[in-house]
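Thank you all for coming; I would like to take you through one structure this morning, going from single residues to the ligand. Please keep the sequence and the model in view while I speak.

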Amino acid sequence: MTFVITQGCCDDASCIAVCPVQCIRPRPGDPDFTTAEQLYIDPATCIDCGACMDECPVSAIYSEWDLPEEFSDFLQINADYFATNPIEESSPADPVRRTLPADRPELSVAIVGTGPAGCYAAAELSDIKGVTVSLFDRLPTPFGLVRAGVAPDHANTKQITKRFNGLFSRPNVNAFLNVEVGQDVTIDELLQHHHAVIWSAGASDDRKLGIEGESLAGSVSAREFVAWYNGHPDFADQEYDLSGKRVVVIGNGNVALDVARVLAQPVEALAKTEAADHAIDALRESSVEEVVVTARRGPEFAAYTTGEMIGLHHVDGVRVAVVEDEVASAVRDVPRVAKVLGPALEAAGAGEERSVTFRFGLTPSKINGNGAVQSVTFQHADGSLEEIEAGLVVRAIGYRGQEVEGLPFDEQAGVIPNVAGSVCDPETGESVAGIYCSGWIKRGATGIIGTNKADSAETVDSLLRDFGAGRLPTPEYDVAHLATLVLDRCPDLVDAEGWQRIDQAERKAGRRARRPRAKLVTVDELLAASRAG
Ligand code: NAP
C-alpha cells in the first residue's frame, strides 16, 4: 500500500517534513524543486503511516485504497517520477517481519485505549502469527482522539479510521468496548489473562495556566470544547456561552487553530461534517465575530504546523488577521512566517467574514470577570499590560496525562515513566513486568496521528524482546475466560459487531443529511444502536 499525491498538491512540502522515511520528492534544495508541477511519493519506499496525509494542507494526498476515480492516473504518475529520479541517498525502510520464538508460539496482549496509539500497537501485534490482542475502551466507540479530537472539518484525517476499522474484523483481535479498565476489570486481572498489557489511553487532562481567574465560568479547556463539538458522550451536555462578540484562545498550537476554525467558519460548512448536532445548533446561534489566538512568544516560535496554518487561509468565510508590529519583522526574515502570516499582513481590512486574529508576545496574567469571564489581561515583553475583552476564553495550552491507579507516574512530565515503552519504576529504573505503554501517555501530548505508528512499534518491539527472553510469565487463564468474566460484569459490553452496528447507524443517518455520519452522543443512544438489528 502506498499514499499518492494528486492534482491539488500545493508543493509546500509540509508532507516532506513529517515523512519518517523520506519517500517524497523533490525536496527543498533538489534541483527541480522549484520547477516541479507537484510532489510525488515513491511507492517502493512509502511505509503507509499516513503522516503525509494528515499534514497535507490541501487534502491532496490519498491512500491508494481510497484514491478517487478521477485521480486514478496519479498512482502511475507518482511511480513514474521515480523511474527517472530514483531515491539514492535515503535507503528504503526494511519491511518489519516479526515472528514469535519457535518454542513459545502464542502470545496474548491486552491493549487499553483504542485511539491511534492503541490501534497502531494492535495492528503491529495482530500482524504476527500466534498473537492474540484484546482491545479495551471505556467508551462504546473506538478511535479515541480521531473520533473525539480531530476537527470535524478535517474529514480526510478522520479517514484513518478506515484503516483502524479493519482491526475489528481480524480473527485474532477481540474488542471489549464500554469496559473501563481500573473500574470494571483491573490491570492485574488483565495480566492474569494475557502475557502483557499496553496502556495506550492517552492524555486525559489539560496543562494549567496557574493564573487568577482560570476557573471562572466561561474559561474552558480546549480539550473539553473539542470533545463537545465532536460529540464525546462525557461532554455532550456542556453549554458554552457564544453570545459575546469575541473569543480569546490562549496558545497557538494546532488545537488552538482547530478551535478557532470551528468557531469562525460559517455554520453551514460545519453542518456538512460529522460535528455533533448540539454543537451545530449552538454555533448557529453564535454571536462571535472574532476569535483572537494568542501566543506568548513571537511568530517564529508558533506551535501550529505550516500546513494547518496555510489551510486556515483557505477556509471560506474566515479572514486571518495579524497586528503588523507583532509580525512584520518575522514575515520579512523568516520564510515559514512569511508563508503562513504574510498573506494576513497583506490582506485588506475588515469584511463581512468572521476573523481569526493572531496575536504574539502576549503572556496571559489574569482572567477577569465577576462570576463569568469578561476579559483577559496579558503582559507584553516590556512589562506593559493589555486587556482583551472576551465572552469565552479557550485554554489551548496542551493536553496532559493523568495518573493511572496501580502504575508509576511522572508528575512533572505527565507521563508513565518508561524505557522504549517498557514501563519502569522511576526510583529503581526497573521494569514493571508485563506492563507497557504507547502514545501520549508514553511520550507526552506531541505529534500527529502518524507519529503514533513508530511510537507503538517501538513499544511492541520492547514487548517482543521481553517475550523472546522469557521475561513474560504465561498467563493463568486464556482470553475466552476473560470474555466470560467481562461479560458477567459488563452486560453492556460492545464487541466488534456492536461497534459495526453503531458505525452503520451513524453513517446511515449521516447519508440522509449528506454528511459523513450523524454522531450518536450519549452512551444510551450508542448502546441502543449497538444492539439494534
Ligand atoms: P501544543 O502544540 O503543545 O501547543 C501548545 C500551545 O500552548 C503553544 O502555543 C504554547 O506556547 C502554549 N502554552 C503552553 N503553556 C502556556 C502558558 N502557560 N501560557 C501561555 N501559552 C502556553 O499543543 P496542542 O495545540 O494541544 O497540540 C497537541 C499536539 O496535537 C501537537 O503535536 C499538535 O500538532 C497535534 N495536533 C495536530 C493536529 C493536526 O495535525 N491537524 C490537530 C490538533 C492537534 P509555547 O510554544 O510558548 O510553549
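In which helix is the place of F467? F467 sits in helix α17, residues 451–468, where helices (H or I, at least four residues) and strands (E, at least two) are DSSP runs, numbered from the N terminus.

Before I go on, a word on the basis of all this: the model is predicted, so local features need pLDDT of at least 70 and side-chain atom pairs count only at pLDDT 80 or more, while totals for chains, interfaces and linings use all residues. Residues are numbered from 1 along each chain as its sequence is written, and side-chain values use heavy atoms, with hydrogens and water left out.

Let me stay with F467, which counts as buried because its relative accessibility is 1%; here buried means under 20% relative accessible area, exposed means over 50%, and partly exposed is in between, with a 1.4 Å probe and protein chains only. Leaving aside residues up to four places away in sequence, F467 touches L100, P101, R104, E106, L107, H195 and L472, a contact being heavy atoms within 4.5 Å. F467 and I416, on the other hand, are 51 residues apart in sequence and, C-alpha to C-alpha, 21 Å apart in space.

Helix α17 also holds D455, and this aspartate is buried because its relative accessible area is 8%. The side chain of D455 makes a polar contact, at 3.2 Å, with the side chain of R443. By polar contact I mean a pair of N or O atoms within 3.5 Å; within protein, one must be able to donate a hydrogen and the other to accept it, and residues adjacent in sequence count only if both atoms are side-chain atoms. With residues up to four places away in sequence not counted, D455 touches S438, G439, K442 and R443.

From the helix I turn to a strand, β21, residues 422–424, in which S422 lies. Why does S422 count as buried? S422 counts as buried because its relative accessibility is 9%, and its contacts, again without residues up to four places away in sequence, are P417, S431, I435, Y436, S462 and D466.

Now to the loops, and first to D66, which is found between β4 (61–63) and α3 (74–84). D66 is partly exposed, because its relative accessible area is 26%. Not counting residues up to four places away in sequence, D66 touches Q159 and K162, although D66 and Q159 are 93 residues apart in sequence; their C-alpha atoms are 9.0 Å apart.

Some backbone details deserve a careful look. Most residues other than glycine have a negative phi, and most peptide bonds are trans. In this model, a cis peptide bond joins R25 and P26, with omega at about -10°, and P26 is in the loop between β2 (24–25) and β3 (40–41). N178, which is not a glycine, has a positive phi of about 65°; it lies in the loop between β7 (173–177) and α8 (187–193), and N178 counts as buried because its relative accessibility is 15%. R514, also not a glycine, has a positive phi of about 55° and is in the loop between α19 (496–512) and α20 (523–531), but R514 is exposed, because its relative accessible area is 76%.

As for the overall layout, the chain is divided into domain 1 (3–84), domain 2 (107–204 + 400–494) and domain 3 (208–397), with bounds that come from an automatic or database domain assignment. The centres of domain 1 and domain 3, taken over C-alpha atoms, are separated by 31 Å.

That leaves the ligand. Which domains give at least three residues each to the shell around the ligand? They are domain 2 and domain 3. The ligand is surrounded by 24 residues, the closest being N252, N254, R296, R297 and G447, where a residue is near a molecule if one of its heavy atoms lies within 4 Å of it. Helix α10, residues 254–264, provides the largest share of this shell, 3 residues.

In atomic terms, an oxygen atom of the ligand is 2.9 Å from an N or O atom in the side chain of R297, and a backbone N or O atom of V255 lies 3.1 Å from an oxygen atom of the ligand. A nitrogen atom of the ligand is 3.4 Å from an N or O atom in the side chain of E308.
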